[in-house]
Amino acid sequence: MTAATANTDSLSWYEASARQRIDALVDAGSFAEFIGPEQREMSPHLAIFDLPEQFDDGIVIGRGRLDGSPVLVAAQEGRFMGGAFGEVHGAKLTGLLRAARTLRQDALILFDTGGVRLQEANAGELAIAEIMRAILEARRAGVNVIGVIGGRAGCYGGGSLIAGTCSRLIVSEQGRISVSGPEVIETNKGIEEFDSRDRALVWRTMGGKHRYLIGGADTFVDDETLAFRQAAIDALKVTRGCGVAVLEAEQSRLERRLQRFGAARDAVDIWRALGISGPTDIPALPTDAFLAAANNRENADDAR
Amino acid sequence: MTLDDILAGLFPNGSDIGVAGAMISGSAIHPGAGLVHVLGISQGQPLGVDEAIVLARRVIEIVKSGDRAPILFLVDSASQRMSKRDELLGLSEYLAHLAKALLLAEAEGHRTVALLYGGSAAGAFIATALATGTLVALPGAHPAVMDLPSMARVTKLPIDVLKAKAEATPVFAPGLENMVQTGGIHVIWDDNAPLGPQLAAVLQRPQGQDDRAWLGTERGGRRKAAEITDRVVALAAAS
Amino acid sequence: METLSFRLSAPTRAGGTRMQAIVGVVASGNLEVLLERAAPADSCMIDITTAAHGFGAVWEAVVRDFVDRRPAGGLRISINDGGARPDTVALRLAQGVRKIEEPER
């Protein structure tokens, strides 16, 4: 067999579609889809709201090869309904993760989601709970479940909780991770608490750089598909499981974070407390300089 | 029912359960099931980083004790705490950590049962009640993903239109009965009957796979989830 | 939602050997186009579900122009439309036939 080859053209991960991301991530030509668009498994609920459906319900799932090894892959399409979890969308991912456990094959989830799809909110919420349980069970069986975050819709709401159950997370600067979105916080707590139109505030509170610095993500990459591919290959080299020891380590890690940074008013305070000499420069730093500045970041290697 | 009424009903021989702030923690001897660990969140409080880390610590301690006794998780919460501080500190990790701890407990041989006796919503609901092996509820409990007025704002539909649509399907609107029909809640307890035997009945249920999607199919609230999930598993195995 | 169906004579068979292709995404001002080799070789079937009501004549002009200019024989084309403009529709249809012509790996 010939060596695994990547698609050589690098694209912006942020700009790419779900299908383009999969094609760029796995070995060229290796992806085979499960329940593809020709099956027309669309949401049965959007018609109630007279909303258009998509043939794949906003998520592409299947199997490809990554550097020669089989992996199960799911990619959300953030431009359709904000990449939100509905009944069919969620069930496709649940099925993929249960297969990962049964077949002992690693899985990659390419997040791009605003969270639960409100038009089918109960089904979406339950799908998230089912997915989290399926991930934990897969990890306990020795399977890696890697989350990849760098899309237009970010990784919000229930999507961020799913990300929190993954064994490793790869982010780019654009990869925002947060439970409540900026608009939700502003609507509930007022503009004094959070001004959702202040984009700089959004990026430094929820963006990939901050998450990487506090240990909320494991690998920080440029917004390029080839960089994501290499990070995914590297992430699959270590398997950690998910037993008592891992969760005890995570407990210590998250307690430590509250002790160190619990009184911070802004991300810049946290970055300063991490010993970064020019904390206000962080948002503007290119990747190499950022990674050098992040040398003393909090780290979650054995504690996720 | 108040928390005191519930605890008295579940554990007529008394219990050693404290409430600090909104957090419930302790244990009791159930007449049939023996030792039961009890924890939870009360008073309709939001679940933020500070609450989640305390609850997760308790769950991990229980798992480490190795006693394999059941864990009863009582839930009357709001949603996740919606604040800049919580998100700055990585709330998603704290909520996922609590959920993982509960899922771990079930996998390590503890029966985990959540009793929803008040409200719960969104991230708080996922990280607590929906992360246990079996979720039961008392009449009057009111789970939600989002309340209808907020939903009306986001979907840009008048609330009357939304209410009319909610009559036709259990799939989106808040409420106990909808969460039962979609398979999220295993059973609604009878609050006129003694609670202790109802807990015993749940604990006698064999520990097994996640069957919520199949419950949703049987009850008509989620007709596609189970079938699609199983089809994906079969396709992956066959290729 | 409004549904439209066209069955058009398409003298030139779509090239390539792929059995299907999909392009685009359903979003405001955008659409997805699924192409399948599932029609008689000399015709093209196009089924459209659109969020924009009352544009049947515009759709007919766009799809007739498409089958006149592009090799679309043998294709069943299914469209989910989020209210795209005619030039976007024409672009996606052209991308779709190019994609189904791409050599298989």
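The following legends describe an overall view and several close-up views of chain A in a predicted model.

**Figure 1. Overall fold of chain A, with its 11 helices and 9 strands.** The C-alpha trace of chain A spans about 55 × 50 × 40 Å along its principal axes. The radius of gyration of chain A is 19 Å, which agrees with the value near 19 Å that a compact globule of 304 residues would have. Of the contacts in chain A between residues at least 6 apart in sequence, 72% join residues at least 24 apart.

**Figure 2. Burial, surface and charge in chain A.** Of the 304 residues in chain A, 63% are buried. The area that chain A exposes is about 9,900 Å², and carbon and sulfur atoms supply 46% of this area. Chain A carries 34 positive and 42 negative side chains. The centres of these two sets of charges lie 4 Å apart.

**Figure 3. Close-up of A:I35, a residue with a positive phi.** A:I35 is placed in the loop that lies between strand β1 (32-34) and strand β2 (59-66) of chain A. The phi of A:I35 is near 50°, a positive value in a residue that is not a glycine. Most residues other than glycine have a negative phi. The relative accessible area of A:I35 is 5%, so A:I35 is buried, the cut-off for buried being under 20%.

**Figure 4. Close-up of A:D50, in the loop between β1 and β2 of chain A.** Although A:D50 is not a glycine, its phi is positive, at about 55°. How buried or exposed is A:D50? A:D50 counts as partly exposed because its relative accessibility is 43%, a value in between the limits of 20% for buried and 50% for exposed.

**Figure 5. Close-up of A:A245 in helix α9 of chain A.** Helix α9 comprises residues 244-261, and A:A245 is found within this helix. The relative accessibility of A:A245 is 60%, and A:A245 therefore counts as exposed, since exposed means over 50%. A second residue, A:L258, is included in this view for its distance from A:A245. A:A245 and A:L258 are separated by 13 residues in sequence, and their C-alpha atoms are 20 Å apart in space.

Key. Residues numbered from 1 in each chain as written. Chains lettered and ligands numbered in written order. Predicted model: local features only at pLDDT ≥ 70, side-chain atom pairs only at ≥ 80, totals over all residues. Heavy atoms only, no water. Helix = DSSP H or I, 4+ residues; strand = E, 2+ residues; numbered from the N terminus. Buried < 20%, exposed > 50% of the residue type's maximum accessible area, 1.4 Å probe, protein only. Rg over C-alpha atoms; globule rule 2.2 N^0.38 Å. Contact = heavy atoms within 4.5 Å. Areas by Shrake-Rupley, 256 points an atom, 1.4 Å probe, with all protein chains shown as cover. Lys, Arg positive; Asp, Glu negative; His and termini not counted. Charge placed at Lys NZ, Arg CZ, Asp CG, Glu CD.
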